[in-house]
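Please open the structure in your viewer and keep the selection panel at hand. The stops below say what to select next and what is there.

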Amino acid sequence: DNVKPTRQEYVQHLLTREQNNLLQRLAEKYRLQAYQFQRAGGADSLKLSGQEDHTIDPKELAGQLTTAGKVTAIGDALKDLSLRRVSNDLAGVVVFSDFGQNNGLPPVGPENAPSTRIGVPIYTVGVGPTDAVDLTVDLQVPPVMKKDERSTVGAIVRSTGLEGRRTHVTLTATRVDGPGKGEPIPVGDRDLTLSSGSQVESFEFTPKQPGRYLIAAEATGFPDVQAVQNNRAEREVIARDDFLRLMYVEYEPTWEWRFIKEVFHRDPLVGERGFRTFLRSADAKVRQTNQLFLPTLTPKRSDFFATDVIFIGDMPPGTLTPRFCEMTREFVEKFGGGLVIISGPRFGPGVLADTALADMLPVIVDPNAKIKDQQEFTLQLTPAAAQHDFMRLGSGTGTAEQENAKAWGNLGRLPWYQPVLNKQKDGVVLAEHPTDLCNDDKTHQPLIAIRRLGRGEVVYLAMDETWRLRRKFGELYYRQFWGQMIHRLGLSHLLGEHQRFVVRTDQQQYKEDDKVTVTIEAYDANYEPLTEDKLADHRIQAELMLPKGKSGDLDKVPVRITQVREAVYEARFPVSVAGEHRLRVKDPVTNENIDVTFQVSELSSERRSAVRDANLQREIAQASGGKTYTLDTVDNLPDDLTAQPKVIHNTLVEPLWNNWLAFGILVALMLCEWFVRKMINLP
């Protein structure tokens, strides 16, 4: 048997060994009290009998030790002990732990930290190695794939102390919804010789059906690895049925319109079927017969909300109808769609001031603003740009900063832009004018800005001149900018038919005794809110299928999902069994069953980390005036733990009349009074 003892078993062995027993040596000099900390908020008392005659039973204490707790809150435990302390005769505190603090108050800090607040030395005994034999697996997965097209998935393997050893890496894909859901699909496997650092193994995966997939990579073959939970990694990806759907609204063809169309016609995630445009200046017959053009701005709701991203270019006043604007707002806020506003030189964003679109923008438009073209300028990136992938451009031939600077420098000096009053409070400016200011005389004029609105996002551009990114390097940077933006905006949008009835859990991974929150967003066939008065029993039918073999005769549990607000239904329930759970929900419109799966794991707190946090162990001891030990050196602790002598001041309080001096004085005063009375003949 190659399985090593757990950290708990090491401590139990130390406490119960017969020779030179640590507990008995301490009990000979001190009165002991034992606690265990395995929860947030404090410590729990353990039974330790035999204190009066120094006959404590170490096995009694060792048998009470568990690792069933879900958190390690050392700071909370020390604070709790300091509050329980009712006398001044405490000599010290001995803490056994791997010091993997993951919850609650930090045990050390600048002022009044729990390690100093307790007022006595803390002797820290570290359990577990500082450098462990460990293997970690991670995944590099594209956030979206296309049905029937090959995609590359990278399994990243990191190891410590395993150089030259071999492992077996397996990659699988499991359908989360749709046909074949829950059945693992083998993607590939191979043997790998480990080396120091990270190794990336590439696998090719071609999704055969659209929908959501759970990609899993696992490395096996090491019984001596201590933290086995990180030997497996999972990522969820989306496979598109065929394309992202883009709608470009423009008055007449512009350079920006032409080049964006060409870019996305060649994009495998969009293609010719995914790009549609409404050109106000186009002939009505062309709009009716050419597949590229949309005949109307406001098609039926089922078609409109099947779009993923809407572009609005330089449109004249009055052409964006109130119905189009209201549907666009609903598209972004409720359905997570993406909206891109591209300002042109002819009409500008000021025409949106009196529409429902104005409040959606990341900037505050000025209805009276005119184009600013008096002086050329160079676009200036803000620090926030680095946090948005479509603003980070490069070809991988230099450092990220150098490549990004070269790409944006390719724009050259821009001839004009459309000014605005200011940015919205929650708007994030990604690029700005180097000198021109807004009406507050502090904020630079925004040139590119983004804003989260409900479940979607809105991007604003102050000019339609990004086509200049093609100036020296062709489509390289131009395609990156627009492609990465559309992937970001389009992926926040729900996919195809699934956007009408969406089932989500708040997490993919839970632990035993956690509570699962299920949320359903439900709309009818016309994308109108599906209210409970339209449903049988005024609720959505669902059932929870528990892991096989864990529930006895009961494999399915009905789940009641009720409406919490318009078009939103919710349920919350606990899970107490480890394994894969499957929630099956019936779509009341199509009667189709939609499944979501989630994992419930049983994870011991001592297995969460393979190594001991020696730095925190040392800091706690130093802050309190104690010492640090390992299981090899802890035998020195009873000799090092020396109780400091304390001066105890007692105050004796006695009544003044309760002594012979007071009695004598009282008698003398009475005699004096009698003598004076006799001298002056008083009775």
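## First stop: Glu 234

Select Glu 234 and Arg 232 with their side chains shown, and you will find a polar contact between the two side chains at 3.1 Å. As you look, bear in mind that this is a predicted model. Glu 234 belongs to strand S12, which covers residues 232-240. Extend the selection to what surrounds Glu 234: setting aside residues up to four places away in sequence, Glu 234 touches Leu 139, Leu 214, Ile 215, Ala 216 and Gln 509.

## The whole chain

Now zoom out and colour by secondary structure, where the protein shows 15 helices and 31 strands. Of its 683 residues, 46% count as buried. Among the contacts with a separation of 6 or more, 71% are between residues 24 or more positions apart.

## Strand S7 and its partners

Select residues 151-160, which make up strand S7. Why can this strand be called largely enclosed by the rest of the structure? Seven of the 10 residues of S7 are buried, so the strand is largely enclosed, where buried stands for a relative accessible area under 20%.

Add strand S5, residues 134-140, which pairs with S7 in the antiparallel sense over seven bridges; within this pairing, Asp 134 stands opposite Thr 160 of S7. Then add strand S10, residues 197-205, which is joined to S7 over nine bridges, again in the antiparallel sense. To follow that pairing, pick Val 157, whose bridge partner in S10 is Gln 199.

## The three-stranded sheet

Move to the open sheet of three strands, which has the order S3-S4-S31 and parallel pairing. Strand S3 (93-97) and strand S31 (628-630) stand at its edges, and each has a single partner strand, so one side of each is left without a neighbour in the sheet. If you look at how the strands are turned, direction ignored, neighbouring strands of this sheet make 25° with each other on average.

Select strand S4, residues 122-126, together with S31: the two run parallel and are joined by three bridges, and Val 125 stands opposite Tyr 629 in S31. Helix H13, residues 614-624, packs on this sheet, where the helix touches S4 and S31 and its direction makes about 165° with that of S4.

## The eight-stranded sheet

Next, bring up the open sheet of eight strands, in which the order is S14-S13-S15-S16-S22-S21-S20-S18 and the pairing is mixed. Which strands stand at the edges of this sheet? They are strand S14 (275-279) and strand S18 (380-381), each with a single partner strand, so one side of each is left without a neighbour in the sheet.

Within the sheet, select strand S13 (residues 246-250) and strand S15 (residues 309-312), which pair in the parallel sense over four bridges; Leu 246 stands opposite Val 309 in S15. Now show helix H10, residues 322-333, which packs on the sheet and touches S13, S15, strand S16 (338-342), strand S21 (444-453) and strand S22 (456-461), with its direction at about 140° to that of S15.

## Ile 342 and the nonpolar core

Select Ile 342, which lies in strand S16 and counts as buried at 3% relative accessibility. The C-alpha atoms of Ile 342 and Tyr 460 are separated by 6.3 Å, although these residues are 118 residues apart along the chain. Beyond residues up to four places away in sequence, Ile 342 touches a set of residues including Tyr 248, Ile 260, Phe 311, Leu 461 and Trp 482.

From there, step to Phe 311, which is in contact with Ile 342 and, among others outside its neighbours within four places in sequence, Leu 246, Phe 264, Val 340, Trp 482 and Ile 486. Then show the largest nonpolar core, which has 81 residues; those with the most contacts inside it are Phe 264, Phe 311, Leu 320, Phe 324, Val 340, Phe 481 and Trp 482. Helix H12, residues 476-491, gives the most to this core, with seven residues. In soluble globular proteins, nonpolar side chains tend to be buried together.

## Last stop: two cysteines

Finally, select Cys 325 and Cys 672. Buried or exposed: what is Cys 325? At 2% relative accessibility, Cys 325 counts as buried, whereas Cys 672, with a relative accessible area of 49%, is partly exposed. A search of the whole structure for disulfides finds zero.

Terms used
Residues are numbered from 1 along each chain as its sequence is written. This is a predicted model: local features need pLDDT of at least 70, side-chain atom pairs count only at pLDDT 80 or more; totals for chains, interfaces and linings use all residues. Side-chain values use heavy atoms; hydrogens and water are left out. Two strands pair if DSSP finds at least two bridges between them. Contact means heavy atoms within 4.5 Å. Axes are lines fitted to C-alpha atoms, for helices over the stretch in contact, and angles run from 0 to 180 degrees between N-to-C directions. A disulfide is a pair of cysteine sulfur atoms within 2.5 Å. Buried means under 20% relative accessible area, exposed over 50%, partly exposed in between (1.4 Å probe, protein chains only). A polar contact is a pair of N or O atoms within 3.5 Å; within protein, one must be able to donate a hydrogen and the other to accept it, and residues adjacent in sequence count only if both atoms are side-chain atoms. A nonpolar core is a set of buried Ala, Val, Leu, Ile, Met, Phe, Trp, Tyr and Cys residues joined through side-chain atoms within 4.5 Å.
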